[in-house]
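Here are my notes for your first look at this model. Please keep the structure open while you read, and find each residue as it comes up.

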Amino acid sequence: MAHNAKGALLALLSFALFASHDVVVKFLGGSYAPFQIVFFSVLFSFPLVSLMLIRDTTPGHLRPIHPWWTALRTVSAVITGICVFYAFSVLPLAQTYAILFAQPLVITVLAIPILGERVRLRRWIAVLVGLAGVIVVLRPGGTELSLGHAAALVGACSGALAAIVVRKIGHEERSVVLLLYPMLTNFVIMACALPFVYQPMPIEHLGAVGVMAVLAIAGGFVLIGAYRNGEAVIVAPMQYSQLLWATLYGALFFDEWPDAMTLAGAVLIIGSGVYIVLRESRSTASENTPVLRTRTRFETGTSLRIGPLLRALGRREKTLQETPQ
């Protein structure tokens, strides 16, 4: 219990850091195109990630073992980054999170064709309840849907696809491959788009991008600590605490107040997501536990992803234990 409590507290801290990162994204999104924000986010994050990758002593090369799956995941991560950054820029924070929280529902569905997962009636009902929550948040016909809403939905779906592909190939691919390819692809694509959207950035805005990079790295490290201390079934639901931070930050900095429909839809989405996590934690309910093992933070390809690092740390510890003293 003590370990789980520590894991839960570390997870809450981690998602507070991630929520703060997203506030900076929204702040910068009022002045710059998402291509420019993603470009500088990768640029500032890459040195910190490189230092960690140097410690990867796993023998091998940088050619992926599963090139097509790696390419699919890379493209999905790039799309997620653009869509999520844009959605945070133009939508209220709480509404953006509520839509992105649908990612576990999409993961559950994608696990059927990609992982061969069997989804029984109870989880299907949870998925349908969560999708109903998304409809409540969007209120088609009752509110004007924008490109930002579409971006958030695409980001949730592409992020789910990236996560489920990692679940399929992560045990065979090197951590350095899983980390580097999305970042490098993001950097190249955003660099090509940058001349068409670039706006000069004053030093304080460049500093804000640096803060984003630090928050993302720090959040990732803290989340690693959470998963190393607590069970995944305890840590994973902590991601929904971001909605509380979104409400607070939205009110303080952007004069945003989530309406009753957004909160009602969020309750349905969060409830279904938590139920799916609890069902997957039962050994007889899920063979692959796809939602539990996606590490809960949507992947934008702009900073580290903790899943590969956790696996690398696990392999390193196992090697140290097997090495004669």
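The points below go from the whole chain to helix pairs and then to single residues.

1. **The model and the chain.** Keep in mind that this is a predicted model. The protein chain has 13 helices and zero strands. Read along the sequence, its pattern is therefore written with α alone, as α-α-α-α-α-α-α-α-α-α-α-α-α.

2. **Burial and contacts overall.** How much of the protein chain is buried? Buried residues make up 54% of its 325 residues. Next, take the contacts between residues at least 6 apart in sequence. Of these, 89% join residues at least 24 apart.

3. **The core.** The largest nonpolar core has 77 residues. Which of them touch the most other members? They are Leu-28 and Phe-88. Helix α1, residues 2-29, gives the most to this core, with nine residues.

4. **Phe-88 in its surroundings.** Set aside the neighbours within four places in sequence. Phe-88 is then in contact with Asp-22, Val-25 and Lys-26, among others. Its list also includes Leu-93, Thr-96, Tyr-97 and Leu-100. Phe-298 is on the list as well. Find Phe-88 in the viewer and go through these partners one by one.

5. **Helices α1 and α9.** A general point comes before the numbers. Two packed helices are described by the angle between their axes and the distance between the axes. Helix α9 covers residues 203-229. It packs with α1 at an angle of about 160°, and the axes are 8 Å apart. Why are the two called roughly antiparallel? Angles over 145 degrees count as roughly antiparallel, so α1 and α9 fall into that class. α1 passes α9 in a left-handed crossing. By class, their contact has 19 nonpolar, 11 polar and one charged residues.

6. **Phe-27 in α1.** Phe-27 is found in helix α1. Buried, exposed or partly exposed? Its relative accessibility is 45%, so Phe-27 counts as partly exposed. Leaving aside neighbours within four places in sequence, Phe-27 is in contact with His-205 and Phe-254. Now look at Ala-208. Phe-27 and Ala-208 are 181 residues apart along the chain, and their C-alpha atoms are separated by 9.0 Å.

7. **Helices α5 and α7.** α5 covers residues 103-115, and α7 covers residues 147-169. They pack at an angle of about 45°, with their axes 9 Å apart. That angle is neither under 35 degrees nor in the range 65 to 115, nor over 145, so α5 and α7 are oblique to each other. α5 passes α7 in a right-handed crossing. Among the residues that meet are Val-106, Ile-107 and Leu-110 in α5, and Cys-157, Leu-161 and Ile-164 in α7. By class, this contact has 12 nonpolar, two polar and two charged residues.

8. **Gln-103 in α5.** Gln-103 is placed in helix α5. At 7% relative accessibility, it counts as buried, because the cut-off is under 20%. What does Gln-103 touch, not counting residues up to four places away in sequence? The answer is Ala-156, Gly-159, Ala-160 and Phe-298. Phe-298 also appeared among the contacts of Phe-88.

9. **Phe-196 in α8.** Phe-196 is found in helix α8, residues 175-197. Its relative accessible area is 73%, so Phe-196 is exposed. Along the chain, Phe-196 and Ala-33 are 163 residues apart. Their C-alpha atoms are separated by 9.9 Å.

10. **Positive phi at Asp-255.** Most residues other than glycine have a negative phi. Asp-255 is not a glycine, yet its phi is positive, about 55°. Where does Asp-255 lie? It lies in the loop between α11 (242-253) and α12 (260-280). At 64% relative accessibility, Asp-255 counts as exposed.

11. **Positive phi at Thr-289.** Thr-289 also has a positive phi, near 40°. It is found in the loop between α12 and α13 (306-322). Exposed or buried? At 11% relative accessibility, Thr-289 counts as buried.

Methods
Residues numbered from 1 in each chain as written. Predicted model: local features only at pLDDT ≥ 70, side-chain atom pairs only at ≥ 80, totals over all residues. Heavy atoms only, no water. Core = buried A, V, L, I, M, F, W, Y, C linked by side-chain atoms within 4.5 Å. Buried < 20%, exposed > 50% of the residue type's maximum accessible area, 1.4 Å probe, protein only. Helix = DSSP H or I, 4+ residues; strand = E, 2+ residues; numbered from the N terminus. Contact = heavy atoms within 4.5 Å. Axes fitted to C-alpha atoms, helices over the stretch in contact; angles between N-to-C directions. Left-handed = near helix turned anticlockwise from the far one by under 90°. Nonpolar A, V, L, I, M, F, W, Y, C, P; charged D, E, K, R; others polar.
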